[in-house]
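Reader: I'm new to this one, so could you walk me through it with a few questions and answers?

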Amino acid sequence: AFETVPVPQPGKGQVLVKIKRIGICGSDIHVYHGKHPYTSYPVTQGHEVSGKIVALGKGAREDLFVGQKVTIEPQCVCGKCHPCRNGKYNLCESLKVMGFQTTGTASEYFAVDDAKITPIPQEMSYDEGAMIEPLAVTIHAVKRMGDVTGLNVAVLGCGPIGILLSQSLKALGAAKVMVTDISDYRLELARKMGVDAAVNTAKEDLPQIMKEQGLVEGFDVGLEMSGNGMALQQMISVMRNGGKISLLGISNKPVPMDMNTIITKGLTLQGIYGRHLDNWHQMSYMVQGGLDVSPIITHRFHYTDFQKGFEAMNSGKSGKVVLDWTTKKED
């Protein structure tokens, strides 16, 4: 639904942002179906965002100015709990994320605290700016995994973040990166972006393809991106002894695990959530060419076609879907 509301006025220490682009992610699709486990309805979505500053509130940061291209950090934290006090604000005990537990950015204008504003380079497009959030999640995940040089890595679920993550792993020296999914469209996109193998687990035999790729001992590192219980079970079965599994996909229901195999293989499981602020600032990857996000963006819709954007993302036949919030030709 669309509502006409007054343009917000930036308060003390805030800025008013004219929204330009918003990306749709897999978590948004969970919300779309009413199945996101940590969202209350109704909610205004939008957390992958870029825009420009159109007004500054009193006392706003001196490095910010009207007309500046920016992105917005969507995590709202208390700053007081144990994780926040120890630099892990992505694990805040009172964490709220725009578009899920608090109002998202899907509006023409959005007033926000200046602390959540990150300027982006003038040469960066608004499309790329909206990809800072998923890119920051990717960088955070790679850092949590440690050194991947020479390791064989499995990425289960090749949505946009899974593909970006796979590309990052190759850039950081992983020996082989294999992705799995049930969408041929996304698997082909992953191949175009440089993965060593892409497997449709609904049609192909993963262990056989692993054998063909010389992965007879299993994967050193696995990343579960889909939140699918069956995918996690499969990942546990194809890990080498002593391997490490990182869990990023959010499930909408409890997921069973083969505890005996985890124990006897000596596997390590870790949860990865959100990102740190230093990850947010590492957008230089995009500007300097270390990571090219442009192939990820396969569909664009005007914000008035919001529904079509969700349908495209939900179809499994898209990469990243971006909504254009431009309302005037001169914008």
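Reader: Is Phe310 buried or exposed?
Author: Keep in mind that this is a predicted model. The cut-off for buried is a relative accessible area under 20%. Phe310 comes in at 4%, so by that cut-off its label is buried.

Reader: Which residue forms a stacked aromatic pair with Phe310?
Author: Planes under 30 degrees apart count as stacked. Here the angle between the planes is 25°, and the rings sit 5.1 Å apart, centre to centre. The partner of Phe310 is Tyr32.

Reader: How many residues apart are Tyr32 and Phe310?
Author: Look at where each one sits: Tyr32 belongs to helix α1 (residues 26-32), while Phe310 belongs to helix α12 (residues 306-314). Their pair links distant parts of the chain. Along the chain, the two are 278 residues apart.

Reader: What is the relative accessible area of Tyr32?
Author: Its ring partner Phe310 is buried, but Tyr32 is partly exposed. That label covers values between the 20% and 50% cut-offs. For Tyr32, the value is 31%.

Reader: Why does the pair of Tyr303 and Trp325 count as stacked?
Author: A pair of aromatic rings is described by the distance of the centres and the angle of the planes. For Tyr303 and Trp325, the centres are 4.4 Å apart. The pair counts as stacked because its planes meet at 10°, and the cut-off is under 30 degrees.

Reader: Where in the chain is Trp325?
Author: Start from Tyr303, which lies in the loop between β14 (297-302) and α12. Trp325 is 22 residues apart from Tyr303, and both are buried. Trp325 sits in the segment after β15 (320-324).

Reader: Which residues do ring pairs link into a cluster?
Author: By the distance rule for rings, there are five aromatic pairs. Tyr32 with Phe310 is one of them, and Tyr303 with Trp325 is another. The cluster is made of Phe2, Tyr32, Tyr303, Phe306, Phe310 and Trp325.

Reader: Stepping back, how many helices and strands does the chain have?
Author: We've met a few already, including α1 and α12 as well as β14 and β15. The full count for the chain is 12 helices and 15 strands.

Reader: What is the radius of gyration of the chain?
Author: The globule rule gives 20 Å for 331 residues. The chain comes close to that, so it is as compact as a globular protein of that length. Its radius of gyration is 20 Å.

Notes. Residues numbered from 1 in each chain as written. Predicted model: local features only at pLDDT ≥ 70, side-chain atom pairs only at ≥ 80, totals over all residues. Heavy atoms only, no water. Helix = DSSP H or I, 4+ residues; strand = E, 2+ residues; numbered from the N terminus. Rg over C-alpha atoms; globule rule 2.2 N^0.38 Å. Phe/Tyr/Trp six-rings, centres within 6.5 Å; stacked < 30°, edge-to-face > 60°. Buried < 20%, exposed > 50% of the residue type's maximum accessible area, 1.4 Å probe, protein only.
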